[in-house]
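Here's a friendly walk through a protein chain for anyone meeting it for the first time. Take a look at the sequence and the structure, then read on.

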Amino acid sequence: MKFHTLLITSSLFLSGLAWAGPHDTDHKPMQGGVLTTVKDVDYELVAKPDVLQLFVRDHGKPVDVSKTTAKVTLLSGADKQEVELKPTGDKLEAKGSFKVAPGTKVVAQFSSAGKTTSARFVLK
């Protein structure tokens with residue numbers, strides 16, 4: 001009976017490995033930021049004290065953000081800061097002075113082609 005259980009468990013484990021394809025391995029930050037995925041789209045936030053950058057990729061390929069608007073809310077302790085990001089090349093960006101300590105929570109809202117999406121990050 002134990003052998004039978006071991007065989008079933010091993011089969012289930014190995015079948016799960018078969019589902020892991022190349023797409024499953026490309027969910028890593030490519031710009032050194034914090035990554036989150038919403039509906040198969042990767043959002044990577046690079047947060048520095050003087051610049052916020054948001055990169056958007058769909059299956060590893062950059063998404064055209066030229067007609068996208070975005071707002072991020074930085075939550076650090078009792079402090080709250082709202083920032084508008086503007087399209088700049090292949091990313092959305094804002095320059096200024098930002099509180100981006102480790103543990104800061106960030107909520108980003110995007111609007112593009114009449115659709116709104118939200119993404120959440122926790123800075124490391």
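What follows goes from the overall layout to the core, the charged pairs and two loops.

**The layout**

Keep in mind that this is a predicted model. The protein chain has two helices and nine strands. Starting at the N terminus, the order of elements is α-α-β-β-β-β-β-β-β-β-β, with the helices ahead of the strands. The chain holds 124 residues, and 31% of them are buried. If you take the contacts with a separation of 6 or more, 45% come from residues 24 or more positions apart.

**The core**

Which residues touch the most other members of the largest nonpolar core? In this core of 24 residues, they are Tyr-43, Leu-52, Leu-85, Phe-110 and Phe-121. Plenty of strands chip in: β1 (34-38), β2 (41-48), β3 (51-58), β5 (69-76), β6 (79-88), β7 (91-95), β8 (105-112) and β9 (115-122) each give two or more residues to this core.

Tyr-43 is a good one to zoom in on. Setting aside residues up to four places away in sequence, Tyr-43 touches Val-34, Leu-35, Thr-36, Val-38, Phe-55, Val-56, Phe-110, Thr-117, Ala-119 and Phe-121. Two of those partners, Phe-110 and Phe-121, are also on the list of residues with the most core neighbours.

**Charged pairs**

The structure holds three salt bridges, and here they are side by side:

| Pair | Closest N to O distance |
|---|---|
| Arg-57 and Glu-44 | 3.1 Å |
| Asp-79 and Lys-99 | 2.9 Å |
| Lys-80 and Glu-82 | 3.8 Å |

Let's start with Arg-57 and Glu-44, which form a salt bridge. Arg-57 sits in strand β3 and Glu-44 in strand β2, so this pair ties together parts that are 13 residues apart in sequence. Are these two buried or exposed? Arg-57 is buried at a relative accessible area of 5%, and Glu-44 is buried too, at 0%.

Next come Asp-79 and Lys-99, joined by a salt bridge. Asp-79 belongs to strand β6 and Lys-99 to the loop between β7 and β8, so to speak linking distant parts of the chain, 20 residues apart. Asp-79 is partly exposed, with a relative accessible area of 37%, and Lys-99 is partly exposed at 49%.

In the remaining pair, Lys-80 is exposed at 58% relative accessibility, while Glu-82 is partly exposed at 48%.

**A buried charge without a salt bridge**

Now look at Glu-93, in strand β7. Glu-93 is buried but has no salt bridge. Its nearest side chain of opposite charge is Lys-95, 4.3 Å away; a salt bridge has to be within 4 Å, so this pair doesn't count as one. What Glu-93 does have is a polar contact of 2.8 Å with the side chain of Gln-53. Beyond its neighbours within four places in sequence, Glu-93 is in contact with Val-51, Leu-52, Gln-53, Glu-84, Leu-85, Lys-86 and Thr-88.

**Two loops with a twist**

Strands β8 and β9 pair in the antiparallel sense over eight bridges. Lys-105, for one, has Val-122 in β9 as its bridge partner. Two residues lie between the strands of this hairpin, where Ala-113 has a positive phi near 55 degrees. Ala-113 is exposed, at 78% relative accessibility.

Asp-40, in the loop between β1 and β2, also has a positive phi, near 70 degrees. Why point these out? Most residues other than glycine have a negative phi.

Key:
Residues numbered from 1 in each chain as written. Predicted model: local features only at pLDDT ≥ 70, side-chain atom pairs only at ≥ 80, totals over all residues. Heavy atoms only, no water. Core = buried A, V, L, I, M, F, W, Y, C linked by side-chain atoms within 4.5 Å. Buried < 20%, exposed > 50% of the residue type's maximum accessible area, 1.4 Å probe, protein only. Helix = DSSP H or I, 4+ residues; strand = E, 2+ residues; numbered from the N terminus. Contact = heavy atoms within 4.5 Å. Lys, Arg positive; Asp, Glu negative; His and termini not counted. Polar contact = N/O pair within 3.5 Å; in protein donor to acceptor, adjacent residues only side chain to side chain. Pairing = 2+ DSSP bridges.
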